Amino acid sequence: MSELRILHRLDEVAAGDWDRLHDGRNPFLRHAFLEGLERYGCLRPSWGWEPHHLTLWQGRHLVAAIPGYLKHNSHGEFVFDHAWANAYAQHGLDYYPKWLGAVPYSPVTGPRLLAADPALRPRLLQALVAHVRGLGLSSAHVNFHEAGEAEAFGGEWLAREDIQYHWHNRAGWTGFEQFLAAMDHRHRKNIRQERARVRRAGISFRRVDGHQASEADLDAIHHFYLLTFQAYGNAPALTRGFIGHLARRMPDQLLLVLAEYGGRPVAGALCLRGADTLYGRYWGSEVELPGLHFETCYYQGIEHCLEHGLARFEPGAQGEHKLARGFLPQAVHSRHWIADTQFRQALAAWCAEATALVRRHARQLASHGPFKAPA
């Protein structure tokens, strides 16, 4: 018989025990990543994040888990439910706190129902619903789960879909010119012009992993990250200590793209690398230069994938402008359990309609992609 335990700090479980629950292909599920967010001050109750990890144990053995959080707002989730919260408020009900199964600040698809035996996934979700009911919470949410986990969710879990834009090495390309050759003339020309504009401005690039990154490199990437958040008036969550932690504990998974002018970094992007996928996360710049964002965040990442045999590149959420640069629409999934029966019924209709609209939009986008039609 399995026992439910709630962990309020991930260091309450050994890294090896946690990491045995997943295959290690997705870096965001690693104990080092999730525990590092907690250790280095990236998650704060005042920002709406309170660690509340759901774990199942058989005796002394951890057999299943969902990385989870009590949320006091919807900040940093990327599955937008502000309209749901407003509807609750209009009816005099509290939507927050809610429970969220996700990776903070990271709209990245990956395993969410971590289990040594996949047969434990339904048991994990049953325990979650019972726990959320017991706490009197409005809802439970599992964001950006893998499509293969869908069958574990019962019918009472509402399904939502959205679109991201992902690059796939569709034809075994080994170089950037091969990739461009698969595009139609207009898109191929546009990308070449964007890249040439950046080169003419005297910008050069370095790509370094955690082993190679100097303290100055880590300082620079954090500085650029702060600049982006300041520009939009948002509070930056990732600390310099956390970025240093990634370089020490996950050096093979960390990739920094540094744009330099006169030997000094002027822009950069922070990425993480999985087994076959590169994940673009954050970027920032001290200079305004047409094409610099696309080169730093997209083209350098594609080149890295081609050079290192990675099959996919996920550069982050949203952005139809990515389509013209070789990133095609990809469905992403989330599931939602709503305690109030009437709200659940109303939101079920909303989710079904929204998903139909998203799928129609994805088909329209795919028909306007940059690649040449097959001969």
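**Cysteines.** I looked up C297 first and found its sulfur 7.5 Å from the closest cysteine sulfur, which belongs to C271 and is too far away for a bond. The model is a predicted one, and I took a disulfide to need two cysteine sulfur atoms within 2.5 Å. By this rule I count zero disulfides, and C271 is accordingly in none, with the sulfur of C297 as its nearest cysteine sulfur. I also checked accessibility: C271 is buried at a relative accessible area of 5%, and C297 is buried as well, at 13%.

**Sheet.** I then traced an open sheet of four strands, which come in the order 1-3-4-7 with antiparallel pairing. Its edges are strand 1 (3-7) and strand 7 (114-115), each of which pairs on one side only. Between strand 4 (residues 61-66) and strand 7 I noted two bridges in the antiparallel sense, and there A65 stands opposite L114 of strand 7. I found helix 4 (residues 121-135) lying across strands 1, 3, 4 and 7, and its direction makes an angle of about 125° with strand 3 (53-58).

**Helix 6.** I followed helix 6 from residue 185 to residue 200: its 16 residues reach 22 Å from the first C-alpha to the last, close to the 22 Å expected at 1.5 Å a residue. Its buried residues are H187, R188, I191, E194, R195, A196 and V198. Asking what covers them, I found that the cover includes helix 5 (176-181), strand 10 (203-209) and helix 9 (292-308). Just after helix 6, I noted that G202 takes a positive phi of about 85°.

Conventions:
Residues numbered from 1 in each chain as written. Predicted model: local features only at pLDDT ≥ 70, side-chain atom pairs only at ≥ 80, totals over all residues. Heavy atoms only, no water. Pairing = 2+ DSSP bridges. Contact = heavy atoms within 4.5 Å. Axes fitted to C-alpha atoms, helices over the stretch in contact; angles between N-to-C directions. Expected span 1.5 Å × (residues − 1). Buried < 20%, exposed > 50% of the residue type's maximum accessible area, 1.4 Å probe, protein only.
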